[in-house]
Amino acid sequence: QSFLTRDNYQDLLKDCFQTMKLFGSKVAFLPLGGSGKDWQQEGCAAYQQMVSRLRTAGEMAKQESITIGIRTGMGAKFDKKLLKKVGSSQIKVYYNFQDHRDICKELRKLGAQRIVQIHVSNTDSVNLQEDPEINLPKIRKTLDKMKWSGWLVVERSRDVKRVRDVKYNFGRNIAYLKQVFQER
(Lines give C-alpha, C1' and ligand atoms only; values in the text may rest on other atoms or scores of the structure.)
Protein backbone atom coordinates (compact mmCIF):
# COMPACT_ATOMS: atom_id res chain seq x y z
CA GLN A 1 0.00 0.00 0.00
CA SER A 2 1.05 3.58 -0.48
CA PHE A 3 0.67 7.04 1.00
CA LEU A 4 -2.26 7.52 -1.34
CA THR A 5 -4.17 4.36 -0.38
CA ARG A 6 -3.46 3.79 3.30
CA ASP A 7 -6.30 4.81 5.58
CA ASN A 8 -3.86 5.16 8.49
CA TYR A 9 -1.43 7.53 6.74
CA GLN A 10 -1.80 10.14 9.50
CA ASP A 11 -0.87 7.57 12.17
CA LEU A 12 2.15 6.58 10.09
CA LEU A 13 3.20 10.22 9.81
CA LYS A 14 2.85 10.64 13.58
CA ASP A 15 5.09 7.58 14.10
CA CYS A 16 7.61 9.04 11.66
CA PHE A 17 7.59 12.40 13.42
CA GLN A 18 8.05 10.74 16.81
CA THR A 19 11.06 8.82 15.51
CA MET A 20 12.45 12.02 14.04
CA LYS A 21 12.22 13.67 17.45
CA LEU A 22 14.24 10.84 18.97
CA PHE A 23 16.98 11.35 16.39
CA GLY A 24 16.79 15.14 16.29
CA SER A 25 15.93 15.11 12.60
CA LYS A 26 14.13 18.00 10.91
CA VAL A 27 13.50 16.50 7.44
CA ALA A 28 11.37 13.48 6.55
CA PHE A 29 11.54 11.80 3.15
CA LEU A 30 8.26 10.79 1.53
CA PRO A 31 8.87 8.95 -1.75
CA LEU A 32 5.69 9.06 -3.80
CA GLY A 33 6.86 6.56 -6.42
CA GLY A 34 5.13 3.72 -4.59
CA SER A 35 1.81 5.53 -5.00
CA GLY A 36 1.46 4.47 -8.62
CA LYS A 37 1.15 6.81 -11.57
CA ASP A 38 -2.58 7.60 -11.55
CA TRP A 39 -2.12 10.56 -9.22
CA GLN A 40 0.40 12.16 -11.60
CA GLN A 41 -2.38 13.33 -13.93
CA GLU A 42 -3.37 16.84 -12.84
CA GLY A 43 -7.05 17.24 -12.12
CA CYS A 44 -7.92 13.55 -11.73
CA ALA A 45 -9.40 12.21 -8.49
CA ALA A 46 -6.15 10.54 -7.40
CA TYR A 47 -4.24 13.81 -7.93
CA GLN A 48 -6.78 15.71 -5.84
CA GLN A 49 -6.51 13.06 -3.12
CA MET A 50 -2.71 13.35 -3.16
CA VAL A 51 -2.94 17.14 -2.84
CA SER A 52 -5.36 16.77 0.06
CA ARG A 53 -3.15 14.27 1.87
CA LEU A 54 -0.05 16.38 1.34
CA ARG A 55 -1.91 19.41 2.74
CA THR A 56 -2.77 17.37 5.83
CA ALA A 57 0.82 16.13 6.08
CA GLY A 58 2.03 19.73 5.77
CA GLU A 59 -0.26 20.87 8.59
CA MET A 60 0.95 18.01 10.77
CA ALA A 61 4.59 18.79 9.93
CA LYS A 62 4.09 22.46 10.77
CA GLN A 63 2.88 21.52 14.25
CA GLU A 64 6.10 19.55 14.72
CA SER A 65 8.37 22.19 13.11
CA ILE A 66 9.68 19.77 10.51
CA THR A 67 9.76 19.60 6.72
CA ILE A 68 8.67 16.73 4.49
CA GLY A 69 10.67 16.21 1.32
CA ILE A 70 8.68 14.56 -1.47
CA ARG A 71 10.03 12.79 -4.52
CA THR A 72 7.65 12.73 -7.47
CA GLY A 73 10.07 11.87 -10.26
CA MET A 74 8.09 14.20 -12.51
CA GLY A 75 10.26 17.28 -13.04
CA ALA A 76 10.33 20.88 -11.89
CA LYS A 77 7.26 22.09 -13.78
CA PHE A 78 5.04 19.40 -12.25
CA ASP A 79 6.62 19.76 -8.80
CA LYS A 80 6.12 23.54 -8.74
CA LYS A 81 2.43 23.16 -9.61
CA LEU A 82 1.96 20.43 -7.03
CA LEU A 83 3.65 22.44 -4.28
CA LYS A 84 1.52 25.46 -5.16
CA LYS A 85 -1.67 23.37 -4.92
CA VAL A 86 -0.56 21.88 -1.60
CA GLY A 87 0.24 25.35 -0.27
CA SER A 88 2.43 24.29 2.65
CA SER A 89 5.91 25.62 3.38
CA GLN A 90 6.52 22.33 5.21
CA ILE A 91 6.29 20.30 1.99
CA LYS A 92 9.27 20.66 -0.34
CA VAL A 93 11.04 18.68 -3.03
CA TYR A 94 13.57 16.01 -2.20
CA TYR A 95 15.41 16.42 -5.49
CA ASN A 96 16.93 13.29 -7.02
CA PHE A 97 19.57 13.46 -9.78
CA GLN A 98 18.36 10.11 -11.06
CA ASP A 99 15.00 11.59 -12.09
CA HIS A 100 16.36 14.34 -14.34
CA ARG A 101 18.70 14.79 -17.30
CA ASP A 102 19.18 18.57 -17.35
CA ILE A 103 19.84 18.85 -13.64
CA CYS A 104 20.98 22.49 -13.54
CA LYS A 105 17.99 23.66 -15.56
CA GLU A 106 15.59 21.74 -13.31
CA LEU A 107 17.24 23.05 -10.13
CA ARG A 108 16.92 26.63 -11.39
CA LYS A 109 13.25 26.08 -12.32
CA LEU A 110 12.47 24.74 -8.87
CA GLY A 111 14.35 27.42 -6.99
CA ALA A 112 16.19 27.09 -3.70
CA GLN A 113 13.10 27.69 -1.55
CA ARG A 114 11.37 24.56 -2.90
CA ILE A 115 14.27 22.11 -2.41
CA VAL A 116 14.81 20.60 1.02
CA GLN A 117 17.49 17.99 0.19
CA ILE A 118 19.31 16.67 -2.85
CA HIS A 119 19.94 13.03 -3.63
CA VAL A 120 23.19 13.26 -5.59
CA SER A 121 23.36 9.64 -6.68
CA ASN A 122 22.44 8.61 -10.18
CA THR A 123 22.62 4.95 -11.06
CA ASP A 124 24.80 1.92 -10.58
CA SER A 125 27.55 1.72 -13.17
CA VAL A 126 30.16 4.27 -12.13
CA ASN A 127 31.05 6.44 -9.17
CA LEU A 128 29.94 10.08 -9.30
CA GLN A 129 33.23 11.45 -10.62
CA GLU A 130 33.12 9.11 -13.65
CA ASP A 131 29.41 9.59 -14.38
CA PRO A 132 29.04 11.38 -17.74
CA GLU A 133 25.50 12.48 -16.82
CA ILE A 134 26.57 14.27 -13.61
CA ASN A 135 28.63 17.46 -13.90
CA LEU A 136 29.06 18.10 -10.19
CA PRO A 137 31.20 21.27 -10.50
CA LYS A 138 28.54 22.83 -12.77
CA ILE A 139 25.79 21.70 -10.38
CA ARG A 140 27.64 23.24 -7.46
CA LYS A 141 27.93 26.56 -9.34
CA THR A 142 24.21 26.45 -10.06
CA LEU A 143 23.38 25.77 -6.40
CA ASP A 144 25.74 28.55 -5.28
CA LYS A 145 24.06 31.02 -7.65
CA MET A 146 20.70 29.92 -6.26
CA LYS A 147 22.07 30.38 -2.72
CA TRP A 148 20.84 26.89 -1.84
CA SER A 149 22.27 25.12 1.16
CA GLY A 150 21.26 21.85 2.68
CA TRP A 151 21.99 18.17 2.82
CA LEU A 152 23.39 16.15 -0.06
CA VAL A 153 22.48 12.46 0.18
CA VAL A 154 24.43 9.61 -1.44
CA GLU A 155 22.97 6.16 -1.97
CA ARG A 156 23.89 4.64 -5.31
CA SER A 157 26.50 5.44 -7.97
CA ARG A 158 28.42 2.23 -7.40
CA ASP A 159 31.27 1.07 -9.63
CA VAL A 160 29.87 -1.85 -11.62
CA LYS A 161 33.14 -3.77 -11.11
CA ARG A 162 32.95 -3.33 -7.31
CA VAL A 163 29.21 -3.13 -6.59
CA ARG A 164 29.47 -4.91 -3.23
CA ASP A 165 32.44 -2.88 -1.99
CA VAL A 166 30.49 -0.38 0.10
CA LYS A 167 33.53 1.27 1.67
CA TYR A 168 35.15 1.83 -1.72
CA ASN A 169 32.04 3.23 -3.43
CA PHE A 170 30.80 5.47 -0.64
CA GLY A 171 34.34 6.53 0.19
CA ARG A 172 35.05 7.64 -3.38
CA ASN A 173 31.67 9.37 -3.77
CA ILE A 174 31.96 11.23 -0.48
CA ALA A 175 35.57 12.24 -1.17
CA TYR A 176 34.49 13.64 -4.56
CA LEU A 177 31.55 15.51 -3.03
CA LYS A 178 33.86 17.05 -0.45
CA GLN A 179 36.36 17.98 -3.16
CA VAL A 180 33.68 19.77 -5.18
CA PHE A 181 31.54 21.28 -2.42
CA GLN A 182 34.10 22.10 0.26
CA GLU A 183 36.66 23.88 -1.87
CA ARG A 184 36.07 27.63 -1.88
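The following paragraphs lead from the overall fold of a predicted model to selected helices, charged pairs and loop residues.

Residues are numbered from 1 along each chain as its sequence is written. Because the model is predicted, local features need pLDDT of at least 70 and side-chain atom pairs count only at pLDDT 80 or more, whereas totals for chains, interfaces and linings use all residues; side-chain values use heavy atoms, with hydrogens and water left out.

The protein chain contains six helices and five strands, where helices (H or I, at least four residues) and strands (E, at least two) are DSSP runs numbered from the N terminus. Along the sequence these elements follow the pattern α-β-α-β-α-β-α-β-α-β-α. The radius of gyration of the protein chain is 17 Å, close to the 16 Å that the globule rule gives for 184 residues, so the chain is as compact as a globular protein of that length. Here the radius is taken over C-alpha atoms, and the globule rule is 2.2 Å times the number of residues to the power 0.38. The C-alpha trace spans about 45 × 35 × 30 Å along its principal axes. Of the 184 residues, 44% count as buried; buried means under 20% relative accessible area, exposed over 50%, and partly exposed in between (1.4 Å probe, protein chains only). Contacts (heavy atoms within 4.5 Å) often span the sequence: among those between residues at least 6 apart, 71% join residues at least 24 apart.

Helix α5 comprises residues 136–146, and its buried residues are Leu 136, Ile 139, Arg 140, Thr 142, Leu 143 and Met 146. They cover an arc of only 160° around the axis, which puts them on the same side of α5; the arc is that of the directions from the helix axis to the C-beta atoms. An α-helix has 3.6 residues a turn, so residues three or four places apart point the same way. Among the elements covering the buried residues of α5 are α4, β4 (115–119) and α6 (166–182). The face turned away from the buried side carries the exposed residues Lys 141 and Lys 145.

Both ends of α5 show local features. At the N-terminal end, Asn 135 acts as a cap, with a side-chain oxygen 3.1 Å from the backbone nitrogen of Lys 138. This is a polar contact, defined as a pair of N or O atoms within 3.5 Å; within protein, one must be able to donate a hydrogen and the other to accept it, and residues adjacent in sequence count only if both atoms are side-chain atoms. Just after α5, Lys 147 takes a positive phi of about 60°. Lys 147 lies in the loop between α5 and β5 (151–153) and is exposed, with a relative accessible area of 73%. Ser 65, in the loop between α2 (45–64) and β2 (67–71), likewise has a positive phi near 60° in a residue other than glycine.

Side chains of opposite charge can pair when their charged atoms come close. The whole structure holds seven salt bridges, a salt bridge being a side-chain nitrogen of Lys or Arg within 4 Å of a carboxyl oxygen of Asp or Glu. One of them joins Glu 64 and Lys 21 at 3.0 Å, N to O. This pair links distant parts of the chain, with Glu 64 in helix α2 and Lys 21 in helix α1 (residues 9–23), 43 residues apart. Glu 64 is partly exposed at 29% relative accessible area, while Lys 21 is exposed at 51%. Within α5, the closest N and O atoms of Asp 144 and Arg 140 are 2.7 Å apart in another salt bridge. Being four residues apart in that helix, Asp 144 and Arg 140 are separated by about one helical turn. Arg 140 is buried at 8% relative accessible area, whereas Asp 144 is partly exposed at 35%. Asp 165 and Arg 162 also form a salt bridge, at 2.8 Å.

Glu 106, in helix α4 (residues 103–110), is buried yet has no salt bridge. The nearest side chain of opposite charge, Lys 109, is 4.2 Å away; Lys and Arg count as positive and Asp and Glu as negative, while His and the chain ends are not counted. A polar atom of the Glu 106 side chain does lie 2.5 Å from the backbone nitrogen of Ala 76. Not counting residues up to four places away in sequence, Glu 106 touches Gly 75, Ala 76, Tyr 95 and His 100.
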